[in-house]
Amino acid sequence: MVTGCTEANVMTLRPSARVRLISLASFLTVVSAVHADNRPDVFDYGVDVGVGESDNVTLVSSGKVSQTIATADADFSLKQQGRLFDDQIKGQFSYFDYLQHAFGSQLVGRFDGLADFAIIPERLTWALQDDFGQAQISPFAAQTPTNLESINSLSTGPELNLRFGGASFAKLNARYTRVDYQISPFSGNRLLGSLEVGRLLSARSTVSLNVNSERVLFQNTIVNTDFNRSSAYAGYELHGARTDLTAKLGVTRVDEGSISTSGALAMLELTRKISPTSSLTFSAGRDLTDASASFANLQGGAINQIAVAQAIMTSSPYTMTFAQMGWRYVRNRTTIGLSARWERDSYINGASVDVVGINQLSGAIQPGASFAANPATLDMTRGGAEFSAEEKITRVLSLQFLASLYSSDYPHANFTAAAGSTRFEDGAVGAGLLFRAGRALEIHLRVDHIQRVVSGVGSGTGYSDNTAFLTVGYRPRPTTAVPNPP
């Protein structure tokens, strides 16, 4: 079973969503054709089938319903770097069948793929990127199959690299992006152009000036307002033997209808190899962004579960301030991962937008329904941490442990108790036994407990759930060491 894929992380793949999988399938077809005559640098995959039991499959505080669930899972990681073709692909997918029919059959997954094709080596390349996954519809309700929707973002375009002398360079990018939502009316097109002019300070460091401009056009202009976003910033990159550093500092401007907003753009990303067995990552930043752009950059934490995005209730831009870190320790018998993230989203005051997916009176999911609201009511602060560990007890038997805790707060939301609380904590703990027989056979037993603790309005809407899954899978050894997950 794919790690972290409990029944709380699933959603129905409706016919409209199946159509949107065409872009993902096309991406994999192109990459497979290129790989036909090339051995990848990294290739790791696994599949399994099994059965599980939940004692509160609908995630309610009372009137719990137990359920037996059949599951089939697949995950893969692929990476190759060459003169004519570079690609990085990662995916996790799980299919669930609820045997007592609490929900229909479900498919959940996350796919992120990026491929660069060299038209003129080292000068002109064509990029293709696809990001597919799920997001909640209501942030206040339980994460059940009826409270999730699929999203797909497909981006493509050329990049031109120019050299001036031995140290100066310029890069020009053009991108077209199509974003599709299964339920929410936020589907649309994006056109992006960017220019980077820089200079090599040394063999491992560069400094640059960057400008970019993006036009966001929505398919539904009744509940959305088209907007322009432009940025200008200075950048610095360092790639050392043990340290990678990226820094950006500048300003971003958003023009949405008659409202113009400017804000600081700042970002710092640091990766440090502390020792041969441990590495540390840290990033922090602040920028004007929007939910669709954030979805494409969504990353998982230390427990490596299928990442589900926060509810996307408006297409209006917002200021995101965040900080996150990750630490990973890998030795012969022991693997430990730790991650933490804090984020604050602040929407532009005064703009009138349509918030989709929540009925203020009943809290029910209402696809296509909307109501006008000040976006400041959607301001959100979220923070938490994840921990995972695996210890090889014998050559074939491993013990696993994981835990996570996240706190969410919507301080200005004014929804009624029936809609759920605007302040809550989500926690999870789990343990597992993994038996590896031969070169590829895996038998995995995992037990999880999840719980939501609610405070303030709607304090009676908390819940807990216990699950146990037994799976049998096939996972051959990877072609080489798989890089640490983000």
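**Exercise 1. Find the partner of glutamate 343 in a salt bridge, and classify both residues by accessibility.**

Solution. In this predicted model, glutamate 343 forms a salt bridge with arginine 341. The closest N and O atoms of the two residues are 2.9 Å apart, and the cut-off for a salt bridge is 4 Å. Next comes accessibility. Buried means under 20% relative accessible area, and exposed means over 50%. Glutamate 343 has a relative accessible area of 13%, so this residue is buried. Arginine 341 is at 27%, so this residue counts as partly exposed.

**Exercise 2. Treat the salt bridge between aspartate 112 and arginine 110 in the same manner.**

Solution. The side chains meet with an N to O distance of 2.9 Å. Aspartate 112 has 22% relative accessibility and therefore counts as partly exposed. Arginine 110 has 6% and therefore counts as buried.

**Exercise 3. Locate the salt bridge between arginine 475 and aspartate 75, and state which network these residues belong to.**

Solution. Start with the distance: the two side chains meet at 2.6 Å, N to O. Then place the residues along the chain. Arginine 475 is in the segment after β23, while aspartate 75 is in strand β2 (residues 67–81). The pair links distant parts of the chain, 400 residues apart. Arginine 475 has a relative accessible area of 24% and so is partly exposed; aspartate 75, at 17%, counts as buried. Finally, both belong to a network of salt bridges that links Asp44, Asp75, Glu390, Arg436, Glu442 and Arg475. The structure holds 15 salt bridges.

**Exercise 4. Decide whether the ring pair of phenylalanine 93 and phenylalanine 132 is stacked or tilted, and do likewise for phenylalanine 218 and phenylalanine 227.**

Solution. The structure holds 14 aromatic pairs. For phenylalanine 93 and phenylalanine 132, the centres are 6.5 Å apart and the planes are at 25 degrees. Planes under 30 degrees apart count as stacked, so this pair is stacked. Phenylalanine 93 lies in strand β3 (residues 85–98) and phenylalanine 132 in strand β5 (residues 124–136), so the pair ties together parts that are 39 residues apart in sequence. Both phenylalanine 93 and phenylalanine 132 are buried.

For phenylalanine 218 and phenylalanine 227, the ring centres are 6.1 Å apart and the planes are at 50 degrees, so the pair is tilted. These two residues are buried as well. As a last step, note that ring pairs link Phe76, Phe93, Phe111 and Phe132 into a cluster.

**Exercise 5. List the residues of the largest nonpolar core and describe the contacts of isoleucine 151.**

Solution. The largest nonpolar core has nine residues: Ala135, Ile151, Val179, Tyr181, Phe186, Ala291, Phe295, Ala309 and Ile312. β7 (168–181) and α2 (291–296) each supply at least two residues of this core. With neighbours within four places in sequence left aside, isoleucine 151 is in contact with Asp131, Phe132, Gly133, Ala135, Val179, Asp180, Tyr181, Phe295 and Ile312. A second, separate core has eight residues, among them Ile69, Tyr98, Val108 and Phe469.

**Exercise 6. Describe the nonpolar patch on the surface and the strands that supply it.**

Solution. The patch is formed by Ile393, Leu399, Leu433, Phe435, Leu441, Ile443, Leu445, Leu470 and Val472, and together they have about 700 Å² of accessible area. At least two patch residues come from each of β21 (423–437), β22 (441–455) and β23 (463–474). β22 gives the most, with three residues. Leucine 470 lies in β23 and, at 44% relative accessibility, counts as partly exposed.

**Exercise 7. Find the phi values of histidine 101 and asparagine 304, and place both residues.**

Solution. Most residues other than glycine have a negative phi. Phi of histidine 101 is a positive value, near 65 degrees. Histidine 101 is in the loop between β3 and β4 (106–120), and its 65% relative accessibility makes it exposed. Phi of asparagine 304 is also positive, near 55 degrees. Asparagine 304 is in the loop between α2 and β14 (308–309) and is partly exposed, at 28%.

How values were computed. Residues numbered from 1 in each chain as written. Predicted model: local features only at pLDDT ≥ 70, side-chain atom pairs only at ≥ 80, totals over all residues. Heavy atoms only, no water. Patch = residues over 30% accessible without salt bridge, like charges linked within 9 Å, V, L, I, M, F, W, Y side chains within 5 Å. Areas by Shrake-Rupley, 256 points an atom, 1.4 Å probe, with all protein chains shown as cover. Helix = DSSP H or I, 4+ residues; strand = E, 2+ residues; numbered from the N terminus. Buried < 20%, exposed > 50% of the residue type's maximum accessible area, 1.4 Å probe, protein only. Core = buried A, V, L, I, M, F, W, Y, C linked by side-chain atoms within 4.5 Å. Contact = heavy atoms within 4.5 Å. Phe/Tyr/Trp six-rings, centres within 6.5 Å; stacked < 30°, edge-to-face > 60°.
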